[in-house]
Amino acid sequence: MRREYVIKYLGYVLLFNAIFLFISCLISVSAGESSALPLFFSGMICMIFGFFPMIFVEPIPELSFNEGISISVIGWLINCIVGMLPYIMWGGEFTLANAWFESVSGFTTTGSSILNDVESLPRGLLFWRSSTHWIGGIGVIMFVLLILPTSQNARFQLLYTEMSDLSKTNFGFRAKRTIYVIAIVYIGLTVMETLLLTIAGMDFFDAVNHSFATVATGGFSTRNLSIASYNNLMIEVIIIVFMILSGIHFGLLFNTLAGEKQNLFTSKVVRAYLLFLFTGTVLVTFKLYFDGYFPFGESLRAAAFQVVSLGTTTGFATKDTAHWPAFTQLILIYFMIQCAMAGSTSGGLKFDRMFIFFKSIRKQFVLIRHPNALITLKVNNQTLSEQMEGKVMDFILLYILTFFITTLLLTLLNVDLFTAFSASVATIGNVGPGFGQVGSMGNFAGLPDAGKFILTINMLMGRLEILSIIAFLMIGRNR
Amino acid sequence: MIKKLKYKILAGFGLLIGMLILAGTVSILEFARLSRSVTSLLENNYKTIKASKSMLEALEREDSGILLLILGQRKEGQNILRSSDSLFEAAFIIASDNVTEPHEDEYIGEVSHDYSSYKSEWEHLLVDVKTEASIAWYNDTIHKEFLEVKNAVNELMTLNQNGMYNMASQLKEKSHRALMPGIVSIIAAVVFSLLLNFFISRYFVSPIIQLVEALQNHNITSRSLKVSITSKDEIKMLENEINGLIRRISG
């Protein structure tokens, strides 16, 4: 493996972070805040480390798979390390463990927070916090590929080590076009949501921050009470719509606008995904209404927001779901496990895998009755190979095993079972809030530092997909 | 990419030096802020707290002076009242010249107003020698006014004490911010040095070793020099020159 090429790409990652750090610094300077110097210093560190490899390393002709996966995995780690610099330098509630947790949670678009008082943060730091979501949403490597003139081979390697397995099969574009499609949809959704939220009465600064968090399916808010603090139906409806859009495969969104044949309306996975969200909303609404929690209208409003928020792995809140009936909490936990669609900005298990899983179960039922039958699984009229089916099943098993181990480790640290389980599910799925101590109106500050570090590993596993991390760790052994 | 060796090395060390200068500058700026905060803590809030204490002391002495007048010790009472009044006025000037907290001017105004009202009640006793002061007058008028002024001074002192506490809390944050750039830059400099070492080894040392090995190989086999040097700097030029030299020697 040519380490100098890996280092050069990591330099690009740092330079991209520097841009957002300097923008955040400007916001701090204009508001005369104490976070200006920490942001500026962090930006300069990124600049220096980013430019440094350019002095030595010649243009990169092509990359191997190992180099691609190393850039992808180390790139995420570097992002998270750089992301914590302004927090730890500024101080306040940010200890080393807290700063690392907030940074990893930001970049992996998890949205879990350790902050008791978000509103006491300077605006520059709030913007940086939301920026980590936006950068992490489609991945900094993707941005680097968008900006830099890169060879076709290098672009292919990086794109396909950064993206989920299932996203690749669904995109019908070449590597270069895929990057542009993702970028156009991503930036387009962000701009549109910012405008609509501003029109609906949200302050422009808050609108930008919430758009970053929605489109990246992150969940960091600039308010202590998240979206509940606005108490504005129009804002909630806009955010619900954009959470759903951000949870759908970006290629399908682009195709729909471009008038292509394979689009939102023809995709069976999208139909099933929306049906699941609708069913979940209906069930939660009726339970809340008949148990006398809220009147029907308010039940529908709260249920729709929470189901979509957790079902798309965003994690915004309008109500404290920690006090809802157990039935509704279990439905919400299902959506936290299921996550949103592959090819979107969401992390975790992804709905496409659940869709294949359900189809595979149906196939097994048929095989019990007709053992000699030859059955092929089809997704969107495309045959799914046995290898891909096996890979999906393996992934689901590994996923369940991972959050079981995390739950076990958290209980070892004396965290109560419900908090430990929901925190594990919420972090590996990159959702954000869980239940119990880490509910939608609570935070992760009360967990032990060791628990916070364990959960950040979960977040990275969820974001990078467990198999990518295993592939990275196996590089040495392959050699 | 820089092509000359000396510029590559210079740029590498330049960036390292730049980073350290930057860290130093940020730390100096933060320490300067910290120093200003300490100065303001001592000079601003503490000055007013001290002045408030003097005002309270003066008020107590004035109260004693009035009681001496009531007891018939006219001369001694008048002397105490005069000196206490001077002490209060001097302390009040210090406090009113040192408005540092939000709405502090309103508190100063209240002290001034209450003291003027209080003083107007006993001021005539300093010049009037015939009027006898009575306990009933003290209870009905003087003591009430005295408590009002005392309360106003106490409020002014509490405001400054709170300000001092807040400033002390901020000092902790500021000292953290002054310290962190140093710590971060030490870690960054270590990482940077390791990277610089890697690049020097990869782009300077390794090609030279390859050239030496290729030359040793040439001495044994007389084959042309084949070294995979990818850079376009002086080492690549050296490889080309050696190859040319070998070709000329071999005829």
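This report describes the fold of chain A and the aromatic ring pairs of a predicted model.

## Overall build of chain A

Chain A holds 21 helices and two strands. Its radius of gyration is 22 Å, and the globule rule gives 23 Å for 479 residues. The two values are close, so chain A is as compact as a globular protein of that length. Along the principal axes, the C-alpha atoms of chain A fill a box of roughly 65 × 50 × 50 Å.

Contacts in chain A often link distant parts of the sequence. Among those with a separation of 6 or more, 71% join residues 24 or more positions apart.

## Burial, surface and charge

Of the 479 residues in chain A, 61% count as buried. The accessible surface of this chain comes to about 17,900 Å². Carbon and sulfur atoms account for 67% of that surface.

Chain A carries 29 positive and 26 negative charges. The mean positions of the two sets are 11 Å apart.

## A buried aromatic pair

Over all chains, the structure holds 42 aromatic pairs. One of them is formed by F101(A) and F444(A). The ring centres of F101(A) and F444(A) are 5.3 Å apart, with 35° between the planes. This pair is tilted.

Where do the two partners lie? F101(A) sits in helix α4, residues 96-107 of chain A. F444(A) sits in the loop between α18 (417-428) and α19 (449-464) of chain A. The pair therefore ties together parts that are 343 residues apart in sequence.

Buried means under 20% relative accessible area. F101(A) has 0% relative accessibility, so F101(A) counts as buried. F444(A), at 2%, counts as buried too.

## A partly exposed pair

F286(A) and F296(A) form another tilted aromatic pair. Their centres are 5.9 Å apart, and the planes meet at 50°. F286(A) belongs to helix α13, residues 268-290 of chain A. F296(A) belongs to helix α14, residues 296-311 of chain A. The pair thus ties together parts that are ten residues apart in sequence.

Are these two rings buried or partly exposed? F286(A) has 38% relative accessibility and counts as partly exposed. F296(A) is partly exposed as well, with a relative accessible area of 37%.

## A cluster of rings across two chains

Ring pairs also link a set of residues into a cluster. From chain A come F49(A), F52(A) and F56(A). From chain B come F192(B), F198(B), F199(B), Y203(B) and F204(B).

Technical notes: Residues are numbered from 1 along each chain as its sequence is written. Chains are lettered from A and ligands numbered from 1 in the order in which they are written. This is a predicted model: local features need pLDDT of at least 70, side-chain atom pairs count only at pLDDT 80 or more; totals for chains, interfaces and linings use all residues. Side-chain values use heavy atoms; hydrogens and water are left out. Helices (H or I, at least four residues) and strands (E, at least two) are DSSP runs, numbered from the N terminus. The radius of gyration is taken over C-alpha atoms; the globule rule is 2.2 Å times the number of residues to the power 0.38. Buried means under 20% relative accessible area, exposed over 50%, partly exposed in between (1.4 Å probe, protein chains only). Contact means heavy atoms within 4.5 Å. Accessible areas come from the Shrake-Rupley method with a 1.4 Å probe; for residues, only the protein chains shown count as cover. Lys and Arg count as positive and Asp and Glu as negative; His and the chain ends are not counted. The place of a charge is taken as NZ of Lys, CZ of Arg, CG of Asp or CD of Glu. Rings of Phe, Tyr and Trp (its six-membered ring) pair if their centres lie within 6.5 Å; planes under 30 degrees apart count as stacked, over 60 as edge-to-face and the rest as tilted.
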